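Keep the structure open while you read. The text below walks through it step by step.

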2 protein chains.
Amino acid sequence: MPTRTVISFARGVPSPDLLPVAELKAAAQRALDDDPAGALAYGDGAGYAPLRQWVADRYGNGDASRVLCTNGSLQGLAFLAEAMFAGSGGRAVVEAPTYDRAILILRRFGATVEAVDLQRDGLDVDAIEAMCRAGRTPGLVYTIPTFQNPGGTTLSAAKRERLVALAREHRFTILEDDPYGELRFAGTAVPRLFDLDGAAGTVIFSTSFTKTVAPGVRTGAMILPPALHARLRALATDTYIGPSMLAESTVHAYCAAGCFEPGVERMRLALLERRDALVAALDRHLGQRVTYVPPEGGYFLWVQFPGVDADALADRAAAAGVPVVKGSTCFIDGRGGDALRLAYSACPATDMDEGVARLAALV
Amino acid sequence: MPTRTVISFARGVPSPDLLPVAELKAAAQRALDDDPAGALAYGDGAGYAPLRQWVADRYGNGDASRVLCTNGSLQGLAFLAEAMFAGSGGRAVVEAPTYDRAILILRRFGATVEAVDLQRDGLDVDAIEAMCRAGRTPGLVYTIPTFQNPGGTTLSAAKRERLVALAREHRFTILEDDPYGELRFAGTAVPRLFDLDGAAGTVIFSTSFTKTVAPGVRTGAMILPPALHARLRALATDTYIGPSMLAESTVHAYCAAGCFEPGVERMRLALLERRDALVAALDRHLGQRVTYVPPEGGYFLWVQFPGVDADALADRAAAAGVPVVKGSTCFIDGRGGDALRLAYSACPATDMDEGVARLAALV
């Protein structure tokens, strides 16, 4: 049997051919030409001011004073978790399944993590309401409402309205983690929780340039109410003085030159092609043996194998050169043993059929 | 009276004219040309592999597996403090005076911080020994042995030997924070604590490219024993997946092209000129009213004003356009009220006399 190359469905990354290398090269030059001190001196703990303004204009209400740019959006979550839970504890709700690193961070800084089921139309808002009515109102609801990781699902517009109303009524904070929202390639856009909240400060918005520009720039951004912004900025300053100004000024130069939209559009087209190829391959090779919700954007498809030990399947798949993520790693309670997360973001469409065929042969 | 420009002795930064802008522009291009995926994809939590190797070759024993490159060296200290003290507490010794941000980080992650006096020849090693003999052995001794911040002093060779021997005998860890060690412009080099320790793993070495390349690259490095390296790498991964690969690959390209040594040599010459100008100005304008130890490298001169309220002086100086750092901010016990830290790194030699004259007029 010839040696097989690895076809990876494991990592939520863009494939190397999608990285805008030439544009970022030019952007780094402009950043160092136009603002050498800004790129190379210490900067503000809250991030590179022109990039904060760009984020405020695109994702906020234009108010850069509420924007915190960090070394990746996960670092922002770490600061938020430390600000909200370290020393005091408290309850954080996550989706089941959710992003495994978010669970780790919330727990690391002292939160008691509880999970609420993810449904076909996103987070089970009834369950959140029941928690609140039972006197167990969380301090924070961490949600990835759009093209969820790992579920691929999107919270419906009606549930979004209800969730924000609940948060206002019961005074909990929502963290809307939205690294994928720009990457819609099908269906109809729904409003962000942050937009439904308006200026109320109930919803913290988090995004990232990892999926829209490149992971290696390690630049994320949060939009926060003023008091939390001050607290997180102080934590950032006390952790690293300022984030990478070289990276943030390069990202800003990239965006200011108009590269952002075309880059995202390239990404959307590639992701659509890859999702379609993955769905076709699943239908061809696995058919009725699996169930899934086709995502309308983002990186991930969550596939359930009823009656199959998917943990063992994932181990065999890794050995067969088709790494995947075990569904069970995305739950806090041992569920997910019959599911896998398939990332189609890094897999060329032409490899998809072969990858799924290998996986199907192992079921 | 004409408006005066600000002459700052406050921040420990290189002045903008010392930033190697052209070299870093070229380095960013090479990094993106030679290794686009390395610069722009997610990287290892421990940092960009070629940079880790460069650090291992220059500062370690060539073993890159012990090197952790972080978003600034302060972030590395935060990981170390979390690994050593979070949840468990413990005793950390710092110098009095010391770097204020280090005190904040150690306390933030649960350490009980005690201070040991800084003498003309560095840390009071007798005091550490007395602590150990009294059954109060610290978990960590945090020291900046070379061109100390804020003291400007250097730990003598004899005391270095004793400190490492003590650490081995009493099994405490030494963190040798060495951002300034490359910047010797006078006197005779003394061995690093890390070198005296050999491969024993008693001494953790920390350095930074902030003072040798540029602050905005936000790249620091630690050399750690294997078990601690694994723990800090996991914390780094769980905090930001990987550090800024764009920044680290650019720093690596800069170093690999042979820019590091000439850049450091330029910095040394500028610092020597600035220190000489500062010392001459102090002697001219303040003479016997102050005492100080002339530093042989680094950024800082610590000046004592016997009988003067230096906190109030610092406030008047800021108002007069000569910002300085209050000595009292560098102690944990309210001492230092008769001292100031003067950073000469960012002040052109030609401004030094005017700056000190303004300060002297306020005493």
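What follows moves from the pair of chains to the domains, then to one helix and a few unusual backbone sites.

This is a predicted model. Start with the two chains. Two copies of a chain are related by a rotation about an axis and a shift along it. Here, a turn of 180° with a shift of 0.0 Å along the axis lays chain A on chain B, and the RMSD is 0.0 Å. That is how a two-fold axis relates its copies. Which residue of chain A has its C-alpha nearest the axis? The answer is A:A247, at 3.2 Å.

Now look at where the chains meet. The contact involves 49 residues of chain A and 49 residues of chain B. Of the interface residues of chain A, 100% are also interface residues in chain B, so the copies meet through the same surface. Together the two chains bury about 4,000 Å² between them. Carbon and sulfur atoms hold 59% of that area. On the chain A side, A:L40, A:Y42 and A:R108 lose the most area to chain B. These residues together give 19% of what that side buries.

Next, stay inside chain A. Its domain 1 covers 21-256, and its domain 2 covers 261-362. The centres of domain 1 and domain 2 of chain A, taken over C-alpha atoms, are 26 Å apart. Domain 1 of chain A brings 31 residues to the contact, and domain 2 of chain A brings 26 residues. About 2,400 Å² is buried between these domains of chain A, 61% of it on carbon and sulfur atoms. Which three residues supply more than any other three of the area that domain 1 of chain A buries against domain 2 of chain A? They are A:P150, A:L183 and A:F185, which supply 27% of it.

A:P150 deserves a second look. The peptide bond that joins A:N149 and A:P150 is cis, with omega about 10°. A:P150 sits in the loop between β5 (140-143) and α7 of chain A. Thus one residue appears both at the domain contact and in a cis peptide bond.

That loop leads the eye to helix α7. In chain A, α7 takes in residues 157-170. Its 14 residues should span 20 Å at 1.5 Å a residue, and its end C-alpha atoms are 20 Å apart, so the two values agree. Which residues of α7(A) are buried? They are A:K159, A:R160, A:L163, A:V164, A:L166, A:A167 and A:H170. Viewed down the axis of α7(A), the buried residues fall within an arc of 160°, so they line one face of the helix. The spacing has a simple background. An α-helix has 3.6 residues a turn, so residues three or four places apart point the same way. The cover over the buried residues of α7(A) includes strands β3 (112-119), β4 (122-123), β6 (173-177) and β7 (203-208) of chain A. It also includes helices α6 (125-133) and α8 (193-197) of chain A.

Check the copy in chain B. Helix α7 (residues 157-170) of chain B also has 14 residues. From its first C-alpha to its last, α7(B) reaches 20 Å, close to the 20 Å expected at 1.5 Å a residue. The buried residues of α7(B) include B:L163, B:V164 and B:L166. Seen down the axis of α7(B), its buried residues lie within an arc of 155°, so they line one face of the helix. Among the elements they pack against are β3 (112-119) and α6 (125-133) of chain B.

Finally, look at the backbone. Most residues other than glycine have a negative phi, and most peptide bonds are trans. A:R171 follows α7(A) and has a positive phi, near 60°. A:R171 lies in the loop between α7 and β6 of chain A. Is A:R171 buried or exposed? A:R171 is exposed, because its relative accessible area is 76% and exposed means over 50%. In chain B, B:R171 has a positive phi near 55°. B:R171 lies in the loop between α7 and β6 of chain B, and counts as exposed at 76% relative accessibility.

One more cis bond is found in chain B. The peptide bond from B:A96 to B:P97 is cis, with omega near 10°. B:P97 lies in the loop between β2 (91-96) and α5 (100-108) of chain B.

Key
Residues numbered from 1 in each chain as written. Chains lettered and ligands numbered in written order. Predicted model: local features only at pLDDT ≥ 70, side-chain atom pairs only at ≥ 80, totals over all residues. Heavy atoms only, no water. Helix = DSSP H or I, 4+ residues; strand = E, 2+ residues; numbered from the N terminus. Expected span 1.5 Å × (residues − 1). Buried < 20%, exposed > 50% of the residue type's maximum accessible area, 1.4 Å probe, protein only. Arc of directions from axis to C-beta. Contact = heavy atoms within 4.5 Å. Least-squares fit on C-alpha atoms with pLDDT ≥ 70 in both. Domains from an automatic or database assignment. Buried area = accessible area lost by both parts, 1.4 Å probe.
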